[in-house]
Amino acid sequence: MTRPIATAALLVTGACATNSVLLGPDDQAYAAAQKTLVRVEAEVEKSPAPPDERELFMEGEAFYRYRFRFPPRHFLGYVAEGAAAVTDFPALQSLAGSLDLANLRLASYDGAVHLWESLLVQYPHSTLRPLTLYRLGWAYRCSAARGFPRESGDEAFDELIHDDPGSQLAAVAAEAKAVPWKSRATASAYSLLPGLGQIYVGEWANGIVRL
């Protein structure tokens, strides 16, 4: 079994080495994210918050806004992922994970949460607090890291609604709470039985094959 596994790993590595995963000049997803980032920065600059608070907020915003077009996945990448799932071979698991840039983009939400929660702790009375809470409400929905002060983004939305009940951000936070979403923690728990996590998030074909 060792030789087929090693062969699959070498084939996948060789196939992906010729395809760049870097940001390209024609990446429309990244271009749109950059435009939004510039617009938000202009609005934040108008706030009366001191420069250090604005800078910390924008550092988190840069993580939150990070978007890019995913490169196409190759057949051999799926082979490596399937072999990793079937064999539990650590080297193949590492390889299969490294081929999926979705993990990179999702991890950026953890960076945003980390910086914004730090902003709220260091500057509890910042004028950027309502906007930070609103951003946290969304960012927590894609966060996977442990140790953050909140269990979910709904806690940030609730705090915003409680602290600024008449504000425009409070109104949209109430609407945001009603938007359906899937928990990464729940998906991970379901994945103890291979396939249930994929079915939970709506990837029925992927989940059934794994199951």
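This report walks through three spots in a predicted model: a helix pair, a single helix and one buried serine, S108.

## How α7 and α8 meet

Start with helix α7 (residues 129–139) and helix α8 (residues 153–163). Their axes come within 7 Å and cross at roughly 150°. Angles over 145 degrees count as roughly antiparallel, so that label fits α7 and α8. As for handedness, the crossing of these two helices is left-handed.

Which residues do the touching? On the α7 side you'll find R129, P130, L133, Y134, L136, G137 and W138, and they meet G153, A156, F157, E159, L160 and D163 in α8. Sort the residues of this contact by type and you get eight nonpolar, two polar and three charged.

## Helix α3, end to end

Now take helix α3, which covers residues 51–64. How far apart should its ends be? With 14 residues at 1.5 Å a residue, α3 should span 20 Å, and its end C-alpha atoms are indeed 20 Å apart, so the two agree.

Several residues of α3 are tucked away: E53, R54, L56, F57, M58, G60, E61 and Y64 are its buried ones. These buried residues pack against α2 (28–45), α6 (102–122) and α7. That's the α7 we just saw meeting α8.

## A closer look at S108

Helix α6 is also home to S108. Is S108 buried or exposed? Its relative accessible area is 4%, and under 20% counts as buried, so S108 is buried.

Who does S108 touch? If you leave aside its neighbours within four places in sequence, S108 is in contact with F63 and Y66.

Note on methods: Residues are numbered from 1 along each chain as its sequence is written. This is a predicted model: local features need pLDDT of at least 70, side-chain atom pairs count only at pLDDT 80 or more; totals for chains, interfaces and linings use all residues. Side-chain values use heavy atoms; hydrogens and water are left out. Axes are lines fitted to C-alpha atoms, for helices over the stretch in contact, and angles run from 0 to 180 degrees between N-to-C directions. Helices (H or I, at least four residues) and strands (E, at least two) are DSSP runs, numbered from the N terminus. Angles under 35 degrees count as roughly parallel, over 145 as roughly antiparallel, 65 to 115 as roughly perpendicular and the rest as oblique. A crossing is left-handed if the near helix is turned anticlockwise from the far one by less than a right angle, and right-handed if clockwise. Contact means heavy atoms within 4.5 Å. Ala, Val, Leu, Ile, Met, Phe, Trp, Tyr, Cys and Pro count as nonpolar, Asp, Glu, Lys and Arg as charged, and the others, Gly among them, as polar. The expected span of a helix is 1.5 Å times one less than its number of residues. Buried means under 20% relative accessible area, exposed over 50%, partly exposed in between (1.4 Å probe, protein chains only).
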